[in-house]
Amino acid sequence: MPADAPRSVPPSSRRRTRESGVFVRDTPGVQSLERGLQVLRAFRPGITSLSNAELAERTGFPRATVSRLAATLVSAGFLDHEAATGLYRLGAPFLGLGLAVRSGSAVLQAALPFMREVSEGQRINVGLALADDCDVVYLDSVRKSQLGIFRHIIAGTRLPMAETALGQAWLAGLAPAARKQMLSVLAQRYADRWGPIRREISGALAAIGRDGYCSRDHRSGVMAVATPLALPGHPLHALNISYRAPADDKAHAAECRYGELLLQTAERIRRAAA
């Protein structure tokens, strides 16, 4: 290259983020902040209080590190500490943060009228979710049974990404490079259990490529169909419908019916959000 030739400057991370729609970071993050967030992620629905030892076990951090991080989070109000038992609980700020996520989601506001219409009209369950770590988290779930509204799953409920139709649909909506990276993270998380789970994910990806949705036996007697919901300028979401599974001879017909309804609902949400 001639000495006076202009050097090629790689595009900035901000430009690559804008063009790809996926957040790009070139510089390392703040390690202490990332560790503090991992401590907060240790709390899940049904796990309301944790000791220092339990936080260390769940995060993989040394107890001394967890103690320092937890003390900082208590001082900032993000954790409450019970002196008598030594247990930590999530603080009041998370109530407001959760409401801020829901009220600030333009996708949820566009989707809810259609979700309610489908749920009430068909007496089925319709959910919208985002990803967090190795889970998917419901932004909302409109649930209707033959006996009326029930709410076994509510906003904030977490489901394992790799083992649910909702999570597998979210994976299918990722760009190939991002999906490869996420699958690598999941492989480390599941370790020896990864082989059969990876085959299930491959089957779900193939189904979405072919039909636009994937399906899974959510729990005994309940089936779910799910599809990715990608909207420009917004994080990737996933949309699902769950319903009581009919007799075996009608199971495929029900899956096709609700799968088509799911795709129609997703398209209505895309048009409304646009």
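This passage describes the nonpolar cores, the salt bridges and one surface patch of a predicted model. Local features were taken at pLDDT of at least 70 and side-chain atom pairs at pLDDT 80 or more, while totals for chains, interfaces and linings use all residues. Residues are numbered from 1 along each chain as its sequence is written, and side-chain values use heavy atoms, leaving out hydrogens and water.

We may start with the interior. In soluble globular proteins, nonpolar side chains tend to be buried together. Here the largest nonpolar core (buried Ala, Val, Leu, Ile, Met, Phe, Trp, Tyr and Cys residues joined through side-chain atoms within 4.5 Å) has 29 residues, of which Leu166, Trp170, Leu171, Met182, Leu186 and Trp194 touch the most other members. Two or more residues of this core come from each of strand E4 (135-142), helix H7 (165-173), helix H8 (176-190), helix H9 (194-211) and strand E9 (222-229); helices (H or I, at least four residues) and strands (E, at least two) are DSSP runs numbered from the N terminus. A second, separate core of 26 residues includes Leu128, Leu139, Leu239 and Tyr258. Trp170 is in contact (heavy atoms within 4.5 Å) with Ala131, Val136, Met161, Met182, Leu236, His237 and Ala238, leaving aside residues up to four places away in sequence.

Turning to charged pairs, the structure holds twelve salt bridges, each a side-chain nitrogen of Lys or Arg within 4 Å of a carboxyl oxygen of Asp or Glu. One of them joins Arg102 to Asp140, with the closest N and O atoms 3.2 Å apart. Arg102 lies in helix H5 (residues 93-103) and Asp140 in strand E4, so this pair ties together parts 38 residues apart in sequence. Asp140 is buried, at 7% relative accessible area, and Arg102 is partly exposed, at 26%; buried means under 20%, exposed over 50% and partly exposed in between (1.4 Å probe, protein chains only).

Another salt bridge pairs Asp132 with Arg158, at 2.7 Å between the closest N and O atoms. It links strand E3 (residues 125-132) to strand E7 (residues 158-160), the two residues being 26 apart. Asp132 counts as buried at 19% relative accessibility. Asp132 and Arg158 also belong to a network of salt bridges with Arg41 and Asp135.

At the surface, Val30, Leu33 and Leu37 make a nonpolar patch of about 280 Å². Patches comprise residues with over 30% relative accessible area and no salt bridge, like charges being joined within 9 Å and nonpolar side chains (Val, Leu, Ile, Met, Phe, Trp, Tyr) within 5 Å; areas come from the Shrake-Rupley method with a 1.4 Å probe, and for residues only the protein chains shown count as cover. Val30 sits in the loop between helix H1 (13-20) and helix H2 (31-41) and is exposed, at 53% relative accessible area.
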